[in-house]
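Student: I am new to this structure and should like to understand the terms used for it. May we go through them together?

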Amino acid sequence: MDDIDFECTACGKCCHDLRLPLTLAEASDWLARGGQMELICEAIPWPADPEPPNAQADYRKARSTPAASGSLPVRVSIILAAAFAGPCPNLRADMLCGIYEERPLVCRIYPAEINPFVSLTPANKACPPEAWNTKPLQRHGVLVEETTRRLIELSRRTAENEAPLRMRLCHELAITHASLANEGFVIHAPRSSELLAALERVRATPDVPPASAEWTFVSNRSVTVETLLSVGAAVRLDEPVDA
């Protein structure tokens with residue numbers, strides 16, 4: 001769908017039962033307000049860079065950090081996510097945002113997509129049908145709203161710049177387990193006080209490179225575990241299922 005119209009109806013559906021990807025600064029603010037955070041980790045085998053041109057590989061590489069799993073070179077992607085069941089803790093009774101002027105980038109960008117390889121699809125959004133027939137949002141596959149385009153670019157640059165800092169954050173918290181990319185996620189939920197203190201340490205020294213660490217893949221598929229072991233990776237089988 002190349003042409004899409006949209007205007008928020010303030011229904012609040014997009015503010016329920018979420019894991020919101022946040023920047024490091026946003027995560028610190030979220031924790032300071034009493035919110036809960038998770039670290040979502042996945043890794044992909046990366047013995048060598050794919051042959052160019054490969055825009056998707058370039059995008060993934062820019063937002064991940066090199067590491068090792070056993071003898072296998074990998075790249076680890078880490079998402080800092082604000083997690084909540086039910087309504088967002090900042091959602092007011094009138095379905096308006098209680099921190100609207102300080103709301104996270106991902107909320108400002110919604111319903112547009114940050115990942116350039118994900119198409120904006122109204123059916124995949126929580127918004128009611130009446131939200132999709134008012135103001136022009138996208139024409140011929142291109143966002144028409146300049147502010148949203150700038151925010152998307154800011155989000156992408158921040159994700160790139162913060163990739164090594166997120167690796168350092170995991171090192172601070174002794175987090176070394178990740179899923180295989182595209183199979184699922186390993187979710188870590190450290191104590192909020194410990195996470196906030198680690199965030200403050202990392203943000204205070206942004207130029208310090210991440211320490212080397214060995215990562216372990218976690219999978220509930222025996223075939224995945226066997227395949228990763230065959231290429232020298234460190235793997236843990238968790239709740240095995242038939243594959």
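Tutor: The following turns take up some backbone features and their places. This is a predicted model, in which local features need pLDDT of at least 70, side-chain atom pairs count only at pLDDT 80 or more, and totals for chains, interfaces and linings use all residues. Residues are numbered from 1 along each chain as its sequence is written, and side-chain values use heavy atoms, with hydrogens and water left out.

Student: Why is His140 called exposed?

Tutor: Exposed means over 50% relative accessible area, buried under 20%, and partly exposed in between (1.4 Å probe, protein chains only). His140 has 68% relative accessibility, and therefore counts as exposed.

Student: What is the phi of His140, and where is the residue placed?

Tutor: Phi is near 55 degrees, a positive value in a residue other than glycine. His140 is in the loop between S6 and strand S7 (142–143). Helices (H or I, at least four residues) and strands (E, at least two) are DSSP runs, numbered from the N terminus.

Student: Why is Ala174 called exposed?

Tutor: The relative accessible area of Ala174 is 64%, so this residue is exposed. Ala174 lies in the loop between helix H4 (146–172) and strand S8 (177–180), and its phi, near 60 degrees, is positive in a residue other than glycine.

Student: Which residues does a cis peptide bond join, and what is omega there?

Tutor: The bond joins Pro52 and Pro53, with omega about -5 degrees. Pro53 is in the loop between strand S3 (37–45) and helix H2 (55–62).

Student: What is omega for the peptide bond from Tyr110 to Pro111?

Tutor: Omega is near 10 degrees, and the bond is cis. Pro111 is found in the loop between helix H3 (105–109) and strand S6 (136–139).
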